[in-house]
Amino acid sequence: MSQFKSGFMQTMSERGYVHQCTDNDALDELLNNKVVTAYIGFDCTADSLHVGSLIQIMMLRHLQRAGHRPIVLMGGGTSKIGDPSFKDEARKLLSDEDIEHNKSGIKTVFQRFLSFGEETSDAIMCDNAEWLDGLEYIPFLRKIGQHFSVNRMLSFDSVKTRLEREQSLSFLEFNYMILQAYDFLELRRRYGCQLQMGGSDQWGNIVNGVELTRRIDQQSVFGLTTPLLTTASGQKMGKTEKGAVWLNEDRLSPYDYWQFWRNTEDADVGKFLRLFTELPLDEIARLETLEGAELNDAKKVLANEATALLHGKEEAETAAESARKTFEQGALGDSLPRISVTAAQLSDGLWVVDALRIAGLATSSGEARRLIKNGGARVNDVAVSDESLKLGNTDLADGVIKLSSGKKRHVLLQV
């Protein structure tokens, strides 16, 4: 039973989102008595977020569903520096054009999860470049820099880890936590924002913002972080053998997104249902007790619910049906990923090693050869044993060639 009174903190606690909070009781009281504005920042380091950011997006969604107001802060300014938190080395510096391109790609995903508008609890999207780009260095140091202790900054885990490993930390990166703290101060002044949320790696940056706001404006604000999310086998959430699990459809198809959730490890099913779906907790409790083959049904529910939130119910149903056809009937699924090849490539004969690489089922020719040698490669559901095999027009079935890596990864080559 949750010890919290506010609906939002009850949900956060019961579904496993709470790791650290600057003041549990005071924040709970505030949320129970008024509409609270809260923010999470998203730097523009790629043109799509990946599933590792989904826990933060879900926090904003739950916040809005509880009647409060979320702010999505685009890091148009901070992306020019790069967050050093728990990174082994400095991020590559991005150009202004890269940042704008990435920002436009990232924005689209939030429309799926949040309602934007003019009502009290409608979400706001803003960009910290609005106030960071125009800062003057000397006045900023005099007004803001005096409130930061270098000794304290060096004690935060995100900085200490880099230094203990004797990995370089540039002065540019060292400034990041000051700018993020300043973001919180600005958002409180502009929008009355009283809560910053984020992953556990952001704890030091969030605490700096809480303290800066108290010192300069004499206002109480709060911080709330989620636990570091890893799979049961210890892998970082959102990383697979194929790379990042992107949220934008042009980077990862709804079918592949569905498959990511369908392939969840057994021990993670209950946790992921609580974090990444809106199913009632009693239904989740029932699903996570399933065992053996029945647990696969729970994984399909997870895949359906998570995919519907991001891509819509229709795309989720299409992906589920395609998976059913592919794995239960051995037929071609309509929504399997498709890769185009030219008619000339097939007429001349396409080496199967090259085809596996083009399809993304192998990252190199060497990996493709190992896949064939180990018996994991299939063409039109027939195992391939000869790496000198050439694919041609005679291999087309209904205009496509089905390539497979193992039992779960499939791509259609089409002319």
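The following paragraphs lead through a sheet, a set of salt bridges and a surface patch in this predicted model.

The sheet is open and contains 5 strands, arranged in the order S9-S15-S14-S11-S12 with mixed pairing. Its edges are formed by strand S9 (338-340) and strand S12 (382-383), each of which pairs on one side only. At the S12 edge, the neighbouring strand is S11 (residues 377-379), and the two are antiparallel, joined over 2 bridges. Within this pairing, arginine 378 is found opposite alanine 383 of S12.

Attention now turns to contacts between charged side chains. Side chains of opposite charge can pair when their charged atoms come close. In this model the count of salt bridges comes to 19. One of them joins the side chains of aspartate 47 and arginine 251, with an N to O distance of 2.3 Å. This pair links distant parts of the chain, 204 residues apart: aspartate 47 belongs to the loop between strand S2 (37-43) and helix H3 (54-65), whereas arginine 251 belongs to the loop between strand S8 (243-244) and helix H12 (254-262). Arginine 251 has a relative accessibility of 35% and therefore counts as partly exposed.

A further salt bridge brings together the side chains of arginine 190 and glutamate 130, at 3.5 Å from N to O. Because arginine 190 lies in helix H10 (residues 176-191) and glutamate 130 in helix H5 (residues 129-132), the pair ties together parts that are 60 residues apart in sequence. Both partners are partly exposed: the relative accessible area is 40% for arginine 190 and 47% for glutamate 130.

The salt bridge between lysine 271 and aspartate 268 has its closest N and O atoms 3.7 Å apart. Here the two partners fall into separate accessibility classes, since buried means under 20% relative accessible area. Aspartate 268, with a relative accessible area of 3%, is therefore buried, while lysine 271, at 29% relative accessibility, is partly exposed. Elsewhere, Arg61, Arg65 and Glu278 are joined into one network by salt bridges that share partners.

The last feature is a nonpolar patch on the surface. Tyr137, Ile138, Leu141 and Phe171 make up this patch, and together they present about 440 Å² of accessible area. Helix H6 (residues 137-143) supplies the largest share, namely 3 residues. Tyrosine 137 is located in helix H6. With a relative accessible area of 48%, tyrosine 137 is classed as partly exposed, because the exposed class begins only over 50%.

Definitions and conventions: Residues are numbered from 1 along each chain as its sequence is written. This is a predicted model: local features need pLDDT of at least 70, side-chain atom pairs count only at pLDDT 80 or more; totals for chains, interfaces and linings use all residues. Side-chain values use heavy atoms; hydrogens and water are left out. Patches are made of residues with over 30% relative accessible area and no salt bridge: like charges are joined within 9 Å, nonpolar side chains (Val, Leu, Ile, Met, Phe, Trp, Tyr) within 5 Å. Accessible areas come from the Shrake-Rupley method with a 1.4 Å probe; for residues, only the protein chains shown count as cover. A salt bridge is a side-chain nitrogen of Lys or Arg within 4 Å of a carboxyl oxygen of Asp or Glu. Helices (H or I, at least four residues) and strands (E, at least two) are DSSP runs, numbered from the N terminus. Buried means under 20% relative accessible area, exposed over 50%, partly exposed in between (1.4 Å probe, protein chains only). Two strands pair if DSSP finds at least two bridges between them.
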